[in-house]
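Reader: Could you take me through the salt bridges in this one, up close? I'd also like to know what surrounds them, cysteines included.

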Amino acid sequence: MGRVWSILFLTVPILGVWTFVAAMNDWWPMSEGAFGPGQWFPALDVSNHVIDHLFYLILYLTGAVFIGTGLVLFWFLWRYDAATNKDPVVFSHGSHALEVVWSILPAVVLLFIAIYQMDAWANARMRRPLTAEGAVKPPLCRVSGRQFEWRIQYPGEDGRLDTPDDLHVLNDLYVPVNEEVVIEIESLDVLHSFFLPNMRVKQDVVPGMRQYVWFHPVKEGVSDIVCAELCGWGHYKMRGQISVVNAAEYDRWFSAAYAAQETSAYDPAEEEE
């Protein structure tokens, strides 16, 4: 019976690895049934691959440790099964050399990851895009999280937010392709998380804080905006969409949306919904 358990423990790393490989390649069981295809990363729509590189590095490192410990566990269970092992029991007081190795090795790996990720952190949090004149690029728009919607505010012709010519839209973010996009984010009530999976952008939106995120979209298309922080009973429906379009289409959309805003009528019932 002991060796049966060893085989059962061996199935854990096998099934774990297969789950990841199947999800990455849309293979069974991730290709049909309740799962369906597309369980891995969504398409990358930005020019910067550093987040993906960092993710795969950590995945391969932790995956190697997971597989290695699973195989060692299987071997010990199989080799020293009480029903078949005839070797006498050996009592050991441990090995200082081995303890030093398994203490230093993880520390070195963690230090390597800490240094390796510095570029990803700098790109995502510190190196805000600049204008041609070298100034910090102003935000294209402001996205305000509110239970349970994303309110989006674009500056008008004066280029400044919070003026009468601003454009206000709901859950529908438009950005131009092949340009550095800076977005100002804020929360109007509780903690949210502004998540653009295809842009590899994810930032907690903290009440009382005004923050900025940026990315460089290189593909036209429509993808999701979701809230990645449990923010209340309606968290599941706090989602919108981001449309990446060319400059001409962006200008047409802005003009049409602004014209529609200026001719629309206020409906209190709609506000309550």
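**The charged pairs, up close**

Author: Let's start with E149 and R151, whose side chains come together in a salt bridge, with N and O 2.8 Å apart (the rule asks for a side-chain nitrogen of Lys or Arg within 4 Å of a carboxyl oxygen of Asp or Glu). E149 is the buried partner, with a relative accessible area of 16%, while R151 is partly exposed at 29% (buried means under 20% relative accessible area, exposed over 50%, partly exposed in between, with a 1.4 Å probe and protein chains only).

Bear in mind that this is a predicted model, where local features need pLDDT of at least 70 and side-chain atom pairs count only at pLDDT 80 or more, while totals for chains, interfaces and linings use all residues. Residues are numbered from 1 along each chain as its sequence is written, and side-chain values use heavy atoms, with hydrogens and water left out.

Next up is R127, which has its own salt bridge, to D119, with 2.8 Å between the closest N and O atoms. Here R127 is partly exposed, at 47% relative accessible area, and D119 is partly exposed too, at 37%.

Now for R142 and D162, another salt bridge, at 2.9 Å from N to O. This one ties distant parts of the chain together: R142 sits in strand β1 (residues 141–146), whereas D162 is in the loop between β2 (149–154) and β3 (167–170), 20 residues apart. (Helices, H or I of at least four residues, and strands, E of at least two, are DSSP runs numbered from the N terminus.) The two ends of this bridge have opposite settings: R142 counts as buried, at 5% relative accessibility, and D162 counts as exposed, at 51%.

R142 and D162 also belong to a bigger arrangement: together with E184, E186 and R210 they are linked in a network of salt bridges. In total, the count by this rule comes to 10 salt bridges.

As for the wider setting, an unreviewed UniProt entry lists residues 136–256 as "domain: Cytochrome oxidase subunit II copper A binding" (UniProt positions follow the numbering used here, feature names are shortened, and annotations may be inferred rather than shown by experiment). In the model that stretch is 8% helix and 47% strand, and its end C-alpha atoms are 29 Å apart. For "transmembrane region", the unreviewed entry lists residues 6–24, 54–80 and 100–118. The first of these, residues 6–24, is 100% helix and 0% strand, with 28 Å between its end C-alpha atoms. Residues 54–80 come out at 96% helix and 0% strand, and there the end C-alpha atoms lie 39 Å apart.

You asked about cysteines as well. The disulfide count is zero, a disulfide being a pair of cysteine sulfur atoms within 2.5 Å. C141 is unpaired because its sulfur is 17 Å from the closest cysteine sulfur, the one in C227, which is too far for a bond. C227, in turn, has C231 as the closest cysteine by sulfur, at 4.0 Å, and that is also too far for a bond. Neither C141 nor C227 shows much surface: C141 is buried at 0% relative accessible area, and C227 is buried at 7%.
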